[in-house]
Amino acid sequence: MKEKKILYISSEVIPYLPHSELANLAFEVPKMVNDLGGQTRIFIPKYGLINERRHQLHEVIRLSGMNMVVNDIDMPLIIKVASIPKERMQVYFIDNDDYFKGRGLFADDSGKQYDDNEERAIFFAKGVIETVKKLNWSPDIIHVQGWIASLVPLYCKYYYKDEPLLANTKVVTSLFSPPFEGRLDGDLFSKIAFDGIDPEYLTGLKKPTLDAMFSNAVLNSDGIIIATDDLSEEVKKTVYSISKPILELTKEKDVLKAHENFYQTEF
C-alpha cells in the first residue's frame, strides 16, 4: 500500500457522524491505508448536524468560492476541513447553505425526505471532483460509499472523462444497506442529462430510486465491494451481470485485510 493514493468519498464517517457500519469503515479503512504508508483524503457532506466548533472545522478559502451548476442554477461551493484527532487524516467537507446548512443526511427531523436529495447528490459529486482538481491530487483509486456519493462513478466516467488527473484512476464502489426506501422526489434523470451526459449512460435513472442509483454506480465502477446482505434483487442482478472484480465483504473475517488485498491485487 506504500505510496498508493486513495480518495474516499462517503456519506458518513466517524467521529463526525454517529457510529454505523458505513461510518465506521469510512474511518477504519483509510486509517489502515495510512498506517501502511499510503496517502488518503476523505470527503463527506457538511451536514447541519456536524458540530463545527467541537470538531474544529475551518473553511479553506483557497478552495471555496467556486459555483457548481445544478440544473442551470449556480450553487456556491464552500470547502471546510478538519483533522481526525490522533490520526494523520484530513477530512474535507462539501458545504452549501441551501443543500446542507441545518439539514440532516437525507430527511428532516420528522422523517420526511428532502425534496432536493437528487440535487444534493449531483452537487456533492461535482464539488468533490472540482476540489480534488484544485488540490492537484491525482488518486490511484476513488472509493465511493453511501447514497449521496453514488453518482460519483458516473460523473468520473463521463462528465470528467477528459480530466488528466483522473486518467489512470480506478473507481471502487462499496454497497451498504439503503438508508431509506422509495423514490427521490426530483427529476434525477433530466438534471444529470443537463450536464451533457449522454442519456444512454443514465441506465435506470428515469426511475429515481436508490436502487437505480446504486445499480448505475456499479455499472460505472471498476470494482465492487458488497458490505451488506441487504441488497435488493435489482442491485444484485446488476452486480452479478458484470465482469468486474467483486469483494464480498460479508464473507470475510478480517475486513481491513480484505480491503488491502482487494486494492493490491485488483488495482
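Two strands are taken as paired here if DSSP finds at least two bridges between them, and with that in hand I would like to walk you through one strand of this predicted model, namely β8, and then through helix α3.

Strand β8 covers residues 141-145, and 5 bridges join strand β1, residues 5-10, to β8, the two running parallel. Within that pairing, I6 stands opposite I141 in β8. There is a second pairing as well, since 5 bridges join β8 to strand β9, residues 170-175, again in parallel, and there the bridge partner of I142 is V171.

How many of the 5 residues of β8 are buried? The count is 5 of the 5, so the strand is largely enclosed by the rest of the structure. In a regular strand the side chains alternate between the two faces of the sheet. In β8 both faces are covered, with I141, H143 and Q145 buried on one side and I142 and V144 buried on the other. As for the connection onward, β8, helix α4, which spans residues 152-159, and β9 make a right-handed β-α-β unit.

Let me turn to helix α3, residues 117-135, where 17 of the 19 residues are buried, so that this helix, too, is largely enclosed by the rest of the structure. Its geometry can be checked against expectation: at 1.5 Å a residue, the 19 residues should span 27 Å, and the end C-alpha atoms of α3 are 27 Å apart, which agrees. After α3 comes N136, whose phi is positive, near 55 degrees.

Methods:
Residues are numbered from 1 along each chain as its sequence is written. This is a predicted model: local features need pLDDT of at least 70, side-chain atom pairs count only at pLDDT 80 or more; totals for chains, interfaces and linings use all residues. Side-chain values use heavy atoms; hydrogens and water are left out. Buried means under 20% relative accessible area, exposed over 50%, partly exposed in between (1.4 Å probe, protein chains only). Helices (H or I, at least four residues) and strands (E, at least two) are DSSP runs, numbered from the N terminus. A crossover is right-handed if, with the strands pointing away from the viewer, the path from the first strand over the helix to the second runs clockwise. The expected span of a helix is 1.5 Å times one less than its number of residues.
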